[in-house]
Amino acid sequence: MKNVYDTVQVDYSQLAEFFKVLGEPTRLQLLFLLSDREICVSELTGYLNASQSTVSHQLNILKAHKLIMMLYK
């Protein structure tokens, strides 16, 4: 009898990287805020009480990992 690990190919390093990206609370907040609608950076700074630099940096990380583009497809 085969177990599930024999039939599923998993790239564990890629999966670990995905969870590392989601491990930052600000990035999770951004994903939740953006899951409803597109929001400009200045609005996001108000919701998160964070600087524009911080929000832009976190958005760039999400974009680099293709997590933002996934929301609007």
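**Q&A on a helical chain**

Me: Which residues of the largest nonpolar core touch the most other members?
Reply: This is a predicted model, and its largest nonpolar core has 13 residues. Ranked by how many other members they touch, the top ones are Leu30, Leu34, Leu44, Val55, Leu59, Leu62 and Leu67.

Me: Which helices each supply at least two residues of this core?
Reply: Nonpolar side chains in soluble globular proteins tend to be buried together. Here the contributions of at least two residues each come from α2 (12-22), α3 (25-36), α4 (41-48), α5 (52-64) and α6 (67-71).

Me: Let's zoom in on Val55. What does Val55 touch, not counting residues up to four places away in sequence?
Reply: Val55 is one of the core residues that touch the most other members. Leaving out residues up to four places away in sequence, its partners are Leu30, Val41, Leu44, Thr45, Leu48 and Ala50.

Me: And the whole chain: how many helices and strands are there?
Reply: Reading along the sequence gives α-α-α-α-α-α. The tally is therefore 6 helices and 0 strands.

Me: What share of the contacts with a separation of 6 or more comes from residues 24 or more positions apart?
Reply: Contact here means heavy atoms within 4.5 Å. Taking the contacts in the protein chain with a separation of 6 or more, the part from residues 24 or more positions apart is 47%.

Me: How much of the exposed area do carbon and sulfur atoms supply?
Reply: Of the 73 residues, 23% count as buried. The chain exposes about 5700 Å², and the carbon and sulfur share of that is 56%.

Me: Is Thr26 buried or exposed?
Reply: Thr26 sits in helix α3, and its side chain makes a polar contact of 3.1 Å with that of Glu24. Beyond four places in sequence, Thr26 also touches Leu48 and Gln58. Its relative accessible area is 16%, and the cut-off is under 20%, so Thr26 is buried.

Me: What kind of aromatic pair do Phe18 and Phe19 form?
Reply: The count comes to 1 aromatic pair. Its rings, those of Phe18 and Phe19, lie 5.5 Å centre to centre with 70 degrees between the planes. Angles over 60 degrees count as edge-to-face, so the pair is edge-to-face.

Me: Is Phe19 buried or exposed?
Reply: Its ring partner Phe18 has 33% relative accessibility and counts as partly exposed. Phe19 comes in at 51%, and the cut-off is over 50%, so Phe19 counts as exposed.

Terms used
Residues numbered from 1 in each chain as written. Predicted model: local features only at pLDDT ≥ 70, side-chain atom pairs only at ≥ 80, totals over all residues. Heavy atoms only, no water. Core = buried A, V, L, I, M, F, W, Y, C linked by side-chain atoms within 4.5 Å. Buried < 20%, exposed > 50% of the residue type's maximum accessible area, 1.4 Å probe, protein only. Helix = DSSP H or I, 4+ residues; strand = E, 2+ residues; numbered from the N terminus. Areas by Shrake-Rupley, 256 points an atom, 1.4 Å probe, with all protein chains shown as cover. Phe/Tyr/Trp six-rings, centres within 6.5 Å; stacked < 30°, edge-to-face > 60°. Polar contact = N/O pair within 3.5 Å; in protein donor to acceptor, adjacent residues only side chain to side chain.
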